[in-house]
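Trainee: I would like to take a close look at one part of this model before going further.

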Amino acid sequence: MDGKEAFTEKAGHYAASRPGYAPELYDALYDRCGFSESSVIADVGTGTGLFARGLLSRGSRVLGVEPNTAMRGRAQTLCEEYPGFTLHPGDAAATGLDAGSVDFVTAAQAFHWFDTAAFAAECRRILRPEGKVLLVWNLRDMDSDVNRDLYTVNSFYCPDFHGFSGGVRRGDKRIAEFFTPGYEELSFPAPLELERETFVRWCLSGSYAPREGNYAFGAYRAAVGDIFDRYGSGGVLTVANDTVAYFGSVGE
């Protein structure tokens with residue numbers, strides 16, 4: 001599947017249901033990782049601007065890079081209150097940003113879509129000396145019955161499903177190869193508390209999930225709804241999840 005177009009029909013579900021990231025991650029970035037109000041940050045694969053919004057709220061300038069038109073439209077709306085936000089239609093291999101123009105590059109829930117070698121080269125081009133890269137995911141706890149059942153449903157109904165977040169796991173080989181030795185891992189609990197409709201739309205926001213009109217759409221929607229009904233309580237389902245980030249310099 002072409003990552004640039006994977007979310008063209010998903011932008012509405014994505015904007016309505018995707019969770020944010022643990023506030024403790026932002027605290028760590030600004031308290032001890034060098035992020036500041038004066039930082040210029042390229043958020044590559046910015047999507048709807050969800051991660052960028054947390055950086056903007058701390059006063060940083062964010063250059064959102066997103067190739068998908070529908071997602072850029074959502075990002076513009078979500079982040080329009082922040083004058084420090086600008087959008088660019090580039091991608092991970094060719095951001096369109098000036099050489100040596102940013103202090104940090106971030107990629108939230110996006111790195112698994114990238115050509116990692118091309119992205120590394122682009123990071124080295126646009127980063128200032130000593131600049132660093134942050135890769136972020138919301139990773140589901142697979143010891144959870146909810147997440148195991150969702151995995152089963154997705155495996156059955158979704159031919160393009162290869163694991164949540166593109167199959168990225170802690171200590172993923174792709175991450176180790178991307179950074180020079182000594183990168184830092186940051187991890188914070190971030191359980192998701194979702195009402196039924198939000199939960200269903202969250203499941204439908206996956207790039208692999210059936211689109212409306214697909215023969216499997218109704219059955220898939222019913223199957224994830226059944227999971228909510230089985231495990232939810234008081235109109236809310238808690239999904240075990242951690243915000244996990246990797247921070248370091250880009251390898252040659």
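Trainee: How many residues does helix α9 have, and what span does α9 reach from its first C-alpha to its last?

Mentor: This is a predicted model, in which local features need pLDDT of at least 70 and side-chain atom pairs count only at pLDDT 80 or more, while totals for chains, interfaces and linings use all residues. Residues are numbered from 1 along each chain as its sequence is written, and side-chain values use heavy atoms, with hydrogens and water left out. Helix α9 (residues 217-231) has 15 residues and reaches 22 Å, close to the 21 Å expected (1.5 Å times one less than its number of residues; helices, H or I of at least four residues, and strands, E of at least two, are DSSP runs numbered from the N terminus). Phe 217, Tyr 220, Ala 223, Val 224, Gly 225, Ile 227 and Phe 228 are the buried residues of α9 (under 20% relative accessible area, with exposed over 50% and partly exposed in between, for a 1.4 Å probe and protein chains only). These buried residues pack against two helices, α6 (145-157) and α8 (196-204), and two strands, β7 (192-195) and β8 (236-239).

For the wider setting, the largest nonpolar core (buried Ala, Val, Leu, Ile, Met, Phe, Trp, Tyr and Cys joined through side-chain atoms within 4.5 Å) has 29 residues, of which Val 102, Val 105, Phe 119, Val 133, Leu 135 and Phe 178 touch the most other members. Among the elements that give two or more residues to this core are α5 (116-126), α7 (173-178) and β9 (241-248), while β5 gives the most, with five residues. Apart from this core lies another, of 28 residues, including Tyr 21, Cys 33, Phe 85 and Phe 104.

Note on methods: Contact means heavy atoms within 4.5 Å.
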